[in-house]
Amino acid sequence: RAYPRDKLTNVTPSILSKTTRQLYLQQYHPISILRNCIESYFDKFHHFNSFSPIVTTVQNFDELGFPANHPGRSTTDSYYINNSIMLRTHTSAHQRQAFKTGAEKFLISADVYRRDEIDTCHYPVFHQMEGAQIFSINKAIEEIACDMQISTSQQYRHINTDDNTVISTTNPIQPCHPIEVANATISHLKYSLNELVKMLFIDEKNLQVRWVDAYFPFTSPSWEMEIFYQGKWLEVCGCGVIEQDILNNAGQPDKIGWAFGLGLERIAMVLFNIPDIRLFWSKDPRFINQFTSNEIIKFKPFSKYPSCIKDLSFWMNNDKEHEFHITNFCEIVRDIAEDLVEDVKLIDDFMHPKTKKRSLCFRINYRSMDRTCTNEEINGIQDKLRKSVAEKLDVTLR
Ligand code: DAH
């Protein structure tokens, strides 16, 4: 389909080329294996797996109660086709559509798009799974009690889940919800997600999980769930009790429910031992052919190719300084060097004391995942990059 361009258009050919890959549906791709695994855990849930990545800004933001000045709306964070059409930044963009079908528990899996910096854990396209379950407000307490009795978690004693969160005025139960019904919904949400991570991480010794308070415009109360992995707390999912307006507007006014959104790459990198997020996009048989069934297995890294470091520095033209954003720089790098760049770091940022001009220096770490690059090749790319940066960012190269 053709869409008119306008001032907000910032999608690039390289980003658009990703919209047809559908890694989450590709048989035996780690992202798809993980999706399958989560789908089998939520066994009675309806699956929505074919929503288009092209959505309206109303779907992505307004229907979910994002305020007009929310930073997620800015063109430095999101990909716009034009001022009313964009690439979805999260699977929550389809919540209303999904509730409107009448489904009372569902999962939505999809590719989502965000402008971001470049390193081994960030890629402008990644995958999310949205889950939601709603109950009749009148019957919620009984239905939930019954559901939570069915399964027991005796086999998962090695996992330690920490929850020190308390309901407070900064993360409140919605005034329209009876307290006991809201509390039952919250227990069911936390129970469902605790059991999910216990199932997924059954082989990880002494896994630590914690719940922290969070804020999302479309849930209240809201939390994030984090797991402790290799010395760091990793956020795996956001969740909460669905804002009642969303259900009312989707034709479900007598229901109460919870929703969550989880990032599949984060979890897959841990479970499959995948060290670099670019690998998910690789067509190299040495990657793809390691996965031949729906099982979660550890990836055996093939040799790491040499890296080639290049710095690029420039003076900014005074009046443009406030417009500069690192994601704009990274976008140009992605467009020219595609997946040859492992990471980009801002290594110097200073103001000339006399001219008051600002100078920035970026360090670009080139490393292919599947071959050794020649010096000439990298020099050629770096030259092209310099030209493009000078032209698109209106800066003076140093
Ligand atoms: N859409 C959120 C994000 O991408 C994640 C999320 C948070 C989804 C809370 C939910 C939710 O459904 O209830 O950051």
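**Exercise 1. How many of the 22 residues of helix 6 are buried?**

Before we start, a word on the model: it is predicted, local features need pLDDT of at least 70, side-chain atom pairs count only at pLDDT 80 or more, and totals for chains, interfaces and linings use all residues. Residues are numbered from 1 along each chain as its sequence is written, and side-chain values use heavy atoms, with hydrogens and water left out.

*Solution.*
- Step 1: Recall the term. Buried means under 20% relative accessible area, exposed over 50%, and partly exposed in between, with a 1.4 Å probe and protein chains only.
- Step 2: Count. In helix 6, 17 of the 22 residues are buried, and the helix is mostly covered.
- Step 3: Check the span. The expected span is 1.5 Å times one less than the number of residues. For helix 6 that gives 32 Å, which agrees with the 32 Å between its end C-alpha atoms.

**Exercise 2. Describe how helix 2 and helix 6 pack**.

*Solution.*
- Step 1: Find the helices. Helix 2 covers residues 30-41 and helix 6 covers residues 179-200. Helices (H or I, at least four residues) and strands (E, at least two) are DSSP runs, numbered from the N terminus.
- Step 2: Read the geometry. The two pack at an angle of about 130°, with their axes 11 Å apart. That makes helix 2 oblique to helix 6; angles under 35 degrees count as roughly parallel, over 145 as roughly antiparallel, 65 to 115 as roughly perpendicular and the rest as oblique. Axes are lines fitted to C-alpha atoms, for helices over the stretch in contact, and angles run from 0 to 180 degrees between N-to-C directions.
- Step 3: List the partners. From helix 2, Leu34, Cys37, Ile38 and Tyr41 meet residues of helix 6 including Tyr191, Glu195 and Leu200. Contact means heavy atoms within 4.5 Å.
- Step 4: Sort them. The residues of this contact between helix 2 and helix 6 are eight nonpolar, one polar and one charged. Here Ala, Val, Leu, Ile, Met, Phe, Trp, Tyr, Cys and Pro count as nonpolar, Asp, Glu, Lys and Arg as charged, and the others, Gly among them, as polar.

**Exercise 3. Which elements do the buried residues of helix 10 pack against?**

*Solution.*
- Step 1: Locate helix 10. Its 12 residues, 326-337, reach 16 Å from first C-alpha to last, close to the 16 Å expected.
- Step 2: Look at burial. Because 10 of the 12 residues are buried, helix 10 is largely enclosed by the rest of the structure. Among them are Phe329, Ile332 and Arg334.
- Step 3: Name the neighbours. The buried residues pack against helix 1 (13-16), strand 12 (308-316), strand 13 (341-351), strand 14 (358-366) and helix 11 (375-393).
- Step 4: Take helix 11. The axes of helix 10 and helix 11 come within 10 Å and cross at roughly 140°, and the two helices are therefore oblique to each other. Their contact divides into nine nonpolar, two polar and two charged residues.
- Step 5: Step past the end. Glu338 follows helix 10 and has a positive phi, near 45°.

**Exercise 4. Compare the settings of Gln252 and Pro172**.

*Solution.*
- Step 1: Gln252 sits in the loop between helix 7 (244-249) and strand 11 (255-263). With a relative accessible area of 9%, Gln252 is buried.
- Step 2: Pro172 lies in the loop between strand 7 (160-163) and helix 6. Pro172 is partly exposed, at 31%.
- Step 3: Not counting residues up to four places away in sequence, Gln252 touches Phe99, Gly102, Ala103, Ile134, Gln244 and Leu247, while Pro172 touches Ile167, Ser220 and Pro221.
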